[in-house]
Amino acid sequence: MSNTIIRIIISLAILAIIFLRMDVDLYSLLATVKNPGCLAAAFFIPFTLMPLFSINRWKLFLGMVGIREKFSTLFTINYIAQFHGMILPSAQGQDVFRIYQIERRHPEKRGRAGSTVLIERMFGLILLILFSLSSLPFAAEHGDVCTCAVLISASALLTFAAVIAVCTPWGYRLYVGRRTRFDFINKAIDYLEKVHRSMITFPYRKVILSSIFFIAGFQLSTVLIVYLLFCACGCFMPFYEHLALFPLIAILTMIPVTIAGFGIREGFFVYFYCKMGITPPVALTVSLTYYFLTGIAPSLFGGLIWIISNKNTYIALKK
């Protein structure tokens with residue numbers, strides 16, 4: 001509980017610094033929206049394209065480890081996990097609950113089921129980096145992207161090093177079979193071994209071609225939301241510039257410092273987009289709106305599903 005309070009304080013402190021140092025006020029934020037049509041288009045993506053791509057992608061990965069689930073079941077798990085994940089640090093906190101829910105449904109696949117969530121994120125992260133690296137040379141013609149290039153290159157090196165470590169046997173051999181005198185640590189190691197072994201033996205070559213459409217579609221849909229939000233604010237930046245900048249912001253927001261990346265995301269939005277000539281009020285408006293559309297709104301929807309499902313379970317038990 002104390003860690004949660006600390007992270008909330010950090011989030012609010014970052015926002016306060018942005019508002020004070022960048023001379024941003026609430027009126028200027030509201031005044032930035034000039035094209036409600038683009039805003040409306042952005043609103044529907046988190047409830048249409050994003051779940052269509054992400055759930056079909058996960059369904060495909062689960063099938064590779066022998067788990068068959070309906071789209072509707074994974075849809076429910078996904079949104080309820082977003083609701084519960086709001087209390088965790090990092091923008092990907094919902095993955096903890098996705099792993100918990102899918103493994104509760106398939107205890108015989110413990111480790112293998114959870115590994116699909118991690119593999120899904122790993123593929124998405126690699127593709128984000130590739131999108132950013134391929135778009136940076138074009139974005140450099142219109143703004144200062146040197147810092148972005150350095151950070152995305154560093155992210156690429158760390159990511160590929162991590163992929164090699166978790167997808168090859170040598171990293172697994174470093175700790176397999178090792179145990180301590182503490183039972184709870186041994187249980188954690190047992191689970192880690194199962195997940196790691198599943199990631200090593202996962203049929204990557206078999207699934208990559210069939211899943212690339214869903215992986216790319218999901219990542220591009222997140223960038224499309226950012227593009228539409230900037231258009232709503234009257235800033236018609238080329239799509240490839242967002243493709244260069246936003247992946248880095250998404251990666252940095254994964255750092256588990258604040259609740260759901262709140263505050264960290266806004267700081268990086270203002271920092272990187274100001275280098276492209278965007279004013280702080282516009283960058284902050286887009287960031288906060290993006291957080292609402294992809295974080296808060298789906299989480300509220302997931303909370304509603306969770307309440308209804310619990311109510312139906314209670315009624316069934318009562319009968």
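## An all-helical predicted model

Of the 319 residues in the protein, 48% are buried. Please keep in mind while reading that this is a predicted model. The fold holds 14 helices and zero strands, so read from the N terminus on, the order of elements is simply α-α-α-α-α-α-α-α-α-α-α-α-α-α. Among contacts with a separation of 6 or more, 74% join residues that are 24 or more positions apart. On the outside, the accessible surface comes to about 15,900 Å², and carbon and sulfur atoms account for 71% of it.

### The largest pocket

Let us start with the open space in the model. The largest pocket has a volume of about 450 Å³. It is lined by 19 residues, and those closest to its centre are Leu118, Arg121, Met122, Val166 and Met199. Which helices each supply at least two residues of this lining? They are helix 6 (94–105), helix 7, helix 8 (146–167) and helix 10 (183–201).

### Salt bridges

Arg121, one of the residues closest to the centre of the largest pocket, also leads us to the charged pairs. A search of the whole structure finds eight salt bridges. Three of them are set out here, with the distance between nitrogen and oxygen.

| Pair | N to O distance |
|---|---|
| Arg121 and Asp95 | 2.7 Å |
| Arg179 and Asp190 | 2.4 Å |
| Glu266 and Arg265 | 3.6 Å |

Arg121 forms its salt bridge with Asp95. This pair links distant parts of the chain, with Arg121 in helix 7 and Asp95 in helix 6, 26 residues apart. Are the two partners buried or exposed? Arg121 is partly exposed, with a relative accessible area of 23%, whereas Asp95 is buried at 9%, because the cut-off for buried is under 20%.

The salt bridge of Arg179 with Asp190 ties together parts that are 11 residues apart in sequence, because Arg179 lies in the loop between helix 9 (169–173) and helix 10, while Asp190 is in helix 10. Arg179 counts as partly exposed, with 37% relative accessibility, and Asp190 counts as partly exposed too, with 30%.

In the third pair, the side chains of Glu266 and Arg265 meet. Both Glu266 and Arg265 are buried. Salt bridges can also share partners, and in this way Arg57, Asp95, Arg98, Glu120 and Arg121 are joined into one network. Arg121 and Asp95, the pair linking helix 7 and helix 6, are thus both part of that network.

### A buried serine and a nonpolar patch

Helix 7 (residues 112–139) is also the place of Ser135. Ser135 counts as buried, because its relative accessibility of 5% falls under the 20% cut-off. What does Ser135 touch, leaving aside residues up to four places away in sequence? Its contacts are Tyr240, Leu243 and Ala244.

Our last stop is on the surface. There, Ile208, Leu209, Ile212 and Phe213 form a nonpolar patch, and together they have about 410 Å² of accessible area. Ile208 has its place in helix 11 (residues 204–232). With a relative accessible area of 31%, Ile208 is partly exposed. Why can Ile208 count towards the patch? Patches are made of residues with over 30% relative accessible area, and Ile208, at 31%, therefore passes that cut-off.

Conventions: Residues numbered from 1 in each chain as written. Predicted model: local features only at pLDDT ≥ 70, side-chain atom pairs only at ≥ 80, totals over all residues. Heavy atoms only, no water. Patch = residues over 30% accessible without salt bridge, like charges linked within 9 Å, V, L, I, M, F, W, Y side chains within 5 Å. Areas by Shrake-Rupley, 256 points an atom, 1.4 Å probe, with all protein chains shown as cover. Salt bridge = Lys/Arg side-chain N within 4 Å of Asp/Glu carboxyl O. Helix = DSSP H or I, 4+ residues; strand = E, 2+ residues; numbered from the N terminus. Buried < 20%, exposed > 50% of the residue type's maximum accessible area, 1.4 Å probe, protein only. Contact = heavy atoms within 4.5 Å. 1 Å grid on protein atoms, 1.4 Å probe; cavity = no way out; pocket = protein on both sides within 12 Å on 5 of 7 lines; lining within 4 Å. Points joined across faces, edges and corners; volume = space filled by probe spheres on them.
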